[in-house]
Amino acid sequence: MSAFPFEITATEGKARTGVLKTARGDIRTPAFMPVGTAATVKALTVDQVASTGADIILGNTYHLMLRPGAERVARLGGLHNFMRWDKPILTDSGGFQVMSLSKIAKVTEQSVAFQSHIDGSKHILTPERSIEIQADLLGSDIVMQLDECVAWPAEENRAREAMLLSARWGQRSKAAFGERDRQALFGIQQGSTFEHLRKESAERLIETGFDGYALGGLAVGEGHEAMCEVLDYAPAMLPADRPRYLMGVGKPIDLVEAVARGVDMFDCVLPTRSGRHGQAWTWEGALNLKNARFAEDDTPLDETIACPASSHYSKAYLHHLVKSEEILGQVLLSWHNIAFFQALTQAMRDAISQGRFEQFRKDFKSRQHA
Ligand SMILES: CNc1nc2cc(C(=O)NN)ccc2[nH]1
């Protein structure tokens with residue numbers, strides 16, 4: 001089932017660095033995927049996104065099936081052509097968004113039925129329909145199984161039911177996906193914060209067999225420490241020779257601590273969403289550019305990052321744009337934040353390759369809290 005070769009080029013403890021080779025290009029891991037929810041990484045052109053070093057972006061099945069519609073995207077040549085992004089795209093299956101965004105979602109063995117948060121129209125997602133949307137209509141490179149992600153905290157029996165349903169939906173997703181050599185299918189581990197459920201989930205996914213394995217059901221309110229406790233055991237339950245993708249994560253410190261525990265891929269709205277709200281992520285932590293202390297700070301956010309938003313403009317200018325609610329402020333801070341997340345993953349790839357990741361991790365932690 002390994003359509004895409006995944007070559008691990010160096011390890012240090014549980015941390016790995018490598019390359020996932022896809023039909024549309026190579027993905028350097030650890031990798032951060034900017035989120036392109038409605039066929040756009042919000043506020044940025046695809047050229048700006050590519051300029052940060054991002055090798056892959058994420059698309060959301062839930063949003064695109066509601067607007068403009070999956071069949072319409074297919075009629076327009078698929079998602080890559082529609083948004084003019086010719087590198088890899090990973091699409092999620094819609095399960096998480098249905099539960100977190102839609103109205104009146106109803107889960108049965110067969111499907112999840114829901115009403116659009118946009119216009120209240122009724123929709124059905126089955127494992128088979130989600131695969132059809134992702135693989136055939138949007139044409140994504142990495143397809144995610146449909147699963148059920150329970151909220152946190154979860155009763156153990158509720159978490160078990162959702163984990164078992166997700167395992168069955170994983171089987172149906174794989175049967176619908178079939179054999180493809182230019183696209184990959186990832187399974188999703190569930191089980192909330194219960195170690196034995198995470199183990200059973202992993203065993204069932206491995207039995208089915210996927211090109212990669214995601215850790216779902218985290219970053220749902222459990223907090224950094226509880227997430228790290230799960231990551232102390234859960235990634236190692238998944239095959240070491242395939243990519244491990246932690247969904248919806250996270251802050252820079254989350255990425256570093258997850259890489260230390262064996263995670264290879266990440267996606268999160270944080271850099272773009274926080275950028276739109278005036279926040280800039282740096283090696284010293286997050287800066288709120290609305291703060292008056294930046295009003296006459298003539299220094300750039302980070303002159304070591306080639307992105308103009310990071311090294312060309314002053315904090316004073318960014319402060320002015322944010323205070324004035326200028327669109328350019330949202331653009332530049334989103335652009336810088338994506339560039340910073342790419343600089344962070346590049347720094348981790350280099351550190352692991354050179355056998356100094358543990359030192360990098362210690363230094364990063366102390367700088368973030370300074
Ligand atoms: C922001 N936190 C967050 N957690 C997520 C979990 C999933 C998941 O379990 N999908 N099957 C997806 C996106 C997520 N985003």
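In the next few minutes I will go through the strands, the ligand site, the cores and a few unusual backbone positions of this structure.

Let me first say that this is a predicted model, in which local features need pLDDT of at least 70, side-chain atom pairs count only at pLDDT 80 or more, and totals for chains, interfaces and linings use all residues. Residues are numbered from 1 along each chain as its sequence is written, and side-chain values use heavy atoms, with hydrogens and water left out.

I begin with the sheet that contains β1, β2 and β3, where strands and helices are DSSP runs numbered from the N terminus, helices being H or I of at least four residues and strands E of at least two. These three strands form an open sheet in the order β1-β2-β3 with antiparallel pairing, and two strands are said to pair if DSSP finds at least two bridges between them. The edges are taken by β1 (6-12) and β3 (25-29), each of which has a single partner strand, so one side of each is left without a neighbour in the sheet. From one strand to the next the twist averages 10°, with axes taken as lines fitted to C-alpha atoms, for helices over the stretch in contact, and angles running from 0 to 180 degrees between N-to-C directions.

If we look at the pairing in detail, β1 and β2 are joined in the antiparallel sense over six bridges, and on this side Glu7 stands opposite Val19 in β2, while Glu12 stands opposite Ala15 in β2. The two strands form a hairpin with two residues between them, and Gly13 in the turn has a positive phi of about 65°. On the other side, five bridges join β2 (residues 15-22) to β3, where Gly18 has Thr29 as its bridge partner and Lys21 has Asp26; β2 and β3 also form a hairpin with two residues between them. How many of the eight residues of β2 are buried? Six of them are, so β2 is largely enclosed by the rest of the structure, where buried means under 20% relative accessible area, exposed over 50%, and partly exposed in between, with a 1.4 Å probe and protein chains only.

Another open sheet of three strands has the order β7-β8-β9, again with antiparallel pairing. Its edge strands are β7 (103-107) and β9 (122-125), each pairing on one side only, and the twist averages 15° from one strand to the next. Between β8 (residues 112-115) and β9 there are four bridges in the antiparallel sense, and Phe114 stands opposite His123 in β9.

Turning to the ligand, the residues that surround it include Phe96, Asp147, Cys149, Gln190, Gly217, Ala219 and Met247, a residue being near a molecule or strand if one of its heavy atoms lies within 4 Å of it. Which atoms of the ligand have polar partners here? A nitrogen atom of the ligand lies 2.6 Å from a polar side-chain atom of Asp147, an oxygen atom of the ligand is 2.7 Å from a polar backbone atom of Gly217, and a nitrogen atom of the ligand is 2.7 Å from a polar backbone atom of Ala219. A polar contact is a pair of N or O atoms within 3.5 Å; within protein, one must be able to donate a hydrogen and the other to accept it, and residues adjacent in sequence count only if both atoms are side-chain atoms.

Now to the interior. The largest nonpolar core has 88 residues, and those with the most contacts inside it are Leu246, Phe266, Leu289, Phe357 and Phe360; such a core is a set of buried Ala, Val, Leu, Ile, Met, Phe, Trp, Tyr and Cys residues joined through side-chain atoms within 4.5 Å. Helix α14 (residues 327-353) gives the most to this core, with 13 residues. A second, separate core of 19 residues includes Met33, Ala214, Met247 and Met265. Leaving aside its neighbours within four places in sequence, Phe357 is in contact (heavy atoms within 4.5 Å) with residues including Glu12, Ala15, Val256 and Met348.

Finally, the backbone. Most residues other than glycine have a negative phi, and most peptide bonds are trans. A cis peptide bond joins Thr29 and Pro30, with omega about -5°, and Pro30 is found in the loop between β3 and β4 (31-34). The bond from Arg67 to Pro68 is also cis, with omega near 10°. Ala39 has a positive phi of about 65° although it is not a glycine, and at 14% relative accessibility Ala39 counts as buried. Ser192 has a positive phi of about 50°, and this residue counts as buried at 4% relative accessibility.
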